[in-house]
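Here is a quick tour of a protein model, written for someone who would rather look at the side chains than read a long methods section. Have the viewer open and follow along.

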Amino acid sequence: MSRTPAEDRAHWERTADRMLLAVRPYATGAHSLINLPGVPSHNGAHSDGLEGFARTFLLAGFRLAGARGQDPHDFAGWYAAGLAAGTDPKHPERWPVLAESNQAKVEAASIALALHETRRLLWDRLDDKVRQQVLDWLAPMVGDPMPGNNWIWFQAVTEAFARTVGGAWRQQDLDRTIALTDGWYAGDGWYSDGLTGGEHRNFDHYNGWAMHLYPLWFCRILGDAAPGGLLERYRSRLTRFLADQRFLTGANGSPLVHGRSLTYRHAALAPLWTGALFDATPLSPGETRATANRMLDHFADHGATDAEGLLTLGWHRPFRGVLQGYSGPASPYWASKGFIGLALPADHPVWTEPEVPLAVEQTDFQRALAAPGWLVSGTAADGVVRVVNHGGDHADPARPHADDPCYARFAYSTHTAPETPGDPTVAGGSTDADPLDNAVVLLDSVGRASHRRPATRISLGDTTAVSRSRAHWPADATWDPFGGPDTRYTLGPWITVGSALRGSVEVRAVRVDPAPGDDGAGHVLRVGGWVLPVEPGTAGAVDGPAARVEGAHGLVSVAVGAHRLPYAAVVSGTDSNALGAASATPVVATDGPVVYGTVHVAVIHLGGTDPAALPQVTTSARGSTLLADVVWPDGVRDTVRLPAPDTAYDPWKDQHRA
């Protein structure tokens, strides 16, 4: 749908208003708790009610900040009433205090941000008694030993606001936050969301909607009281990050389907809008708004809200497979961060200049992102952005973990979602017992697939990357982004995987080598390609790209009955994918046990149509290093080098084993 710049702004305002008005029927009488329908999070219904208030209040804060005093729906008055009741310890609709709910610490930051953005319209008009109640409720954040990840910024932002209005704060807390954040900076605009095993391994959307957003708002709140040079440091880092992030949105408007908290959806726009607000972006105003419009419309067109206008728990549809234990009915309203643009005045260039095509619409591109260890390819003809992942997996390298499908797969895109079976909010409800799509696994004697995490990056070039992991079969395949349970497992051999990525095609080369404790069982090697949503009961893909996998060396299509399928077998899934109720994944495998110390190659495609020609691959050895030489249809060459592991190295010799 084509809109003028002025119509765009009005469309965003109407969307925000509808979202805010839709939650009102679920508020308590004093407006302090918004109890949306659905299964409570593991934090409990009381905490979820606070989350409903805080996250929608943040949306109201951005809406009011740029409205120049206009408030036809009395959002300021409505939320002011909720503040008064929620912070009154004697009120029957009070909020849980921080000692009662860890999640309240998260929501405190949203409340502080919203109060700052509406300071003259709301905070300054509250009764002295209510203002003191708010500060008393926020005060326990001071000195709290916050977890070592993005949570430290909830403390810093809350204390920064309190400092500016006469509340409690502590310099040590602010200093700790700044120092930890610098330690998590991995370069080129990328933060790891905390360290895992002392390493930068935690790369996902939190880099944008938390690690870049909060530091800049911290400076915005403190103003001249912010430490010298801090604002410019954070501005330069965000500018550099956005130079990469602009390549991670598809022409369909979807952000990369990767990482945890995917139900926050539009929040992926937070760093783009923040860049515009802080003059910390390499994007033109027209490209910023075009990206935002496309993403807003993408989720609106794919059922992100239900018939009552409430954001659902899922991605395109209600789907619990992409949730975490902390996900409750109000969690999707973290999407409020995607509306930061409304805090900009209507005459700001992002709201007045013509749209500019997205990066993937302008031209094909190839990029290597050193910090997360990703190869990125975008193709203008189909608008698909693909990421090949040989970097962070959100796992402690000191022990094996069950694979989390949103971190452990070898590839992600803007047009596909990984298979995520089960319900992660239920104990034992999320089991990745059979890593399938974009996975390289060994199948044991009963057909169980091995797991990848943790993986070690070996190399990253402009168009090639290599990583290695030790195959293992956990007794408990329950996964979560923080590693899953400490469980017993069976050890297998080393798996080294290399990729060459150009256009719509990845050449994925694999070698398998013995490791200490490996029983040498005759494992079958299986390589999965891209999973696609399909029409239920058929093998026909819904509208979208095509996927194909072809074995080039040592891999063949998997037998189905007495027949082999062309190129690859297709494994069907039911209610295991965020994009549709039915899904299909093409796979190839060895025709019998894998031979150690040899190269196996699969050619994997995701694009609008099948490629006119596939690359040619030859294999060879140079000493102990195995090579896959790739000649692309245009004559360009790549070489994937798979070095031999130290077959005597046993990193987990003191860990649990089956």
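Let's begin with one pair: the side chain of serine 261 makes a polar contact with the side chain of tyrosine 206, at 2.6 Å. A polar contact here is a pair of N or O atoms within 3.5 Å; within protein, one must be able to donate a hydrogen and the other to accept it, and residues adjacent in sequence count only if both atoms are side-chain atoms.

A word on ground rules. This is a predicted model, with local features needing pLDDT of at least 70 and side-chain atom pairs counting only at pLDDT 80 or more, while totals for chains, interfaces and linings use all residues. Residues are numbered from 1 along each chain as its sequence is written, and side-chain values use heavy atoms, with hydrogens and water left out.

Back to serine 261, which sits in the loop between α9 and α10. Helices (H or I, at least four residues) and strands (E, at least two) are DSSP runs, numbered from the N terminus. Not counting residues up to four places away in sequence, serine 261 touches Tyr206, Trp209, Gln324 and Tyr326, where touching means heavy atoms within 4.5 Å. Go to isoleucine 458 and you are 197 residues away from serine 261 in sequence and 28 Å away in space, C-alpha to C-alpha.

Serine 261 is one of several buried residues worth clicking on. Buried means under 20% relative accessible area, exposed over 50%, and partly exposed in between (1.4 Å probe, protein chains only).

| Residue | Relative accessible area |
|---|---|
| Serine 261 | 1% |
| Glutamine 103 | 7% |
| Cysteine 219 | 5% |
| Cysteine 406 | 2% |
| Phenylalanine 339 | 0% |

Cysteines 219 and 406 are in that table, but what does a search for disulfides find over the whole structure? It finds zero, taking a disulfide as a pair of cysteine sulfur atoms within 2.5 Å.

Glutamine 103 belongs to helix α4 (residues 103–117). Its contacts, again leaving out residues up to four places away in sequence, are Asn43, Ser47, Glu51, Arg55 and Trp151.

Phenylalanine 339 is in the loop between α11 and α12. Leaving out the same sequence neighbours, up to four places away, it touches Trp12, Thr15, Ala16, Met19, Leu59, Phe62, Trp273 and Leu296.

One of those contacts, Trp273, leads into helix α10, where it is among the buried residues. Eight of the eight residues of α10 (residues 270–277) are buried, so this helix is largely enclosed by the rest of the structure. The buried residues of α10 pack against α1 (5–23), α8, α9, α11 (285–301) and α12 (349–352). After α10 comes aspartate 279, with a positive phi near 50 degrees.

Finally, the empty space. How many cavities of 30 Å³ or more does a search of the whole structure find? The count is six, and the largest holds about 160 Å³. On a 1 Å grid over the protein atoms alone, a cavity is a set of points where a 1.4 Å probe fits but cannot get out, and lining residues have an atom within 4 Å of a point. Grid points are joined across faces, edges and corners, and a volume is the space filled by probe spheres set on the points.

The largest cavity is lined by 16 residues, with Asp204, His205, Phe241, Gln245 and Leu248 nearest its centre. Helices α8 (206–222) and α9 (230–245) are the elements that give two or more residues to this lining.

Conventions. On a 1 Å grid over the protein atoms alone, a cavity is a set of points where a 1.4 Å probe fits but cannot get out, and a pocket is an open set with protein on both sides within 12 Å along at least five of seven lines; lining residues have an atom within 4 Å of a point.
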